[in-house]
Amino acid sequence: KSNKIGIELDDYHYHEVVDRLGCIMDNVDRQLLQHPVLKLETEVRDQVNAGLEELWQAYNKISQIHLDTKK
């Protein structure tokens, strides 16, 4: 449990954020990166992909924090 911001967070709160990040990353991939326009417009595709990479880093970081709270 964490109480960093005056709100008591439990295991589920962390799991929920990990799950939502996974859903968002999946949507970005399926709805944007796989879109024919972004397959043609590679500069824009690279920008969207950079955003996806940032989300991936956040996903990994919060996953590790979640694991650490279980110890």
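**Note on a predicted three-helix chain**

1. Read from the start of the sequence, the chain runs α-α-α. That makes three helices and zero strands; helices (H or I, at least four residues) and strands (E, at least two) are DSSP runs, numbered from the N terminus. This is a predicted model, in which local features need pLDDT of at least 70 and side-chain atom pairs count only at pLDDT 80 or more, while totals for chains, interfaces and linings use all residues. Residues are numbered from 1 along each chain as its sequence is written, and side-chain values use heavy atoms, with hydrogens and water left out.

2. Overall dimensions. The radius of gyration of the chain is 16 Å, where a compact globule of 71 residues would have one near 11 Å. The radius is taken over C-alpha atoms, and the globule rule is 2.2 Å times the number of residues to the power 0.38. The C-alpha trace spans about 45 × 20 × 15 Å along its principal axes.

3. Burial and surface. Of the 71 residues, 17% count as buried. Buried means under 20% relative accessible area, exposed over 50%, and partly exposed in between (1.4 Å probe, protein chains only). The accessible surface of the chain is about 5,600 Å², and 54% of this belongs to carbon and sulfur atoms. Areas come from the Shrake-Rupley method with a 1.4 Å probe; for residues, only the protein chains shown count as cover.

4. Contacts and charges. Contact means heavy atoms within 4.5 Å. Among contacts between residues at least 6 apart in sequence, 56% join residues at least 24 apart. The chain has 9 positive and 13 negative charges, whose mean positions are 5 Å apart. Lys and Arg count as positive and Asp and Glu as negative, whereas His and the chain ends are not counted; each charge is placed at NZ of Lys, CZ of Arg, CG of Asp or CD of Glu.

5. D11 and H66. D11 is in helix α1 and H66 in helix α3. They are 55 residues apart in sequence, yet their C-alpha atoms are 7.1 Å apart. Leaving aside neighbours within four places in sequence, H66 is in contact with D11, Y14 and H15; on the same basis D11 is in contact with H66, T69 and K70. H66 counts as buried because its relative accessible area is 10%. D11, at 35%, is partly exposed.

6. Aromatic pairing. Rings of Phe, Tyr and Trp (its six-membered ring) pair if their centres lie within 6.5 Å; planes under 30 degrees apart count as stacked, over 60 as edge-to-face and the rest as tilted. The count by this rule is one aromatic pair. W56 and Y59 form that pair, and it is stacked, with 5.3 Å centre to centre and 10 degrees between the planes. Both residues lie in helix α3 (residues 42-69), three residues apart, about one turn of the helix. W56 is partly exposed at 46% relative accessibility, and Y59 is also partly exposed, at 23%.

7. Two further separations. E16, in helix α1 (residues 11-33), is partly exposed at 23% relative accessibility. Its C-alpha atom is 30 Å from that of V44, 28 residues away along the chain. D46, in helix α3, counts as exposed because its relative accessible area is 52%. The C-alpha atoms of D46 and L33 are separated by 9.1 Å, with the two residues 13 apart along the chain.
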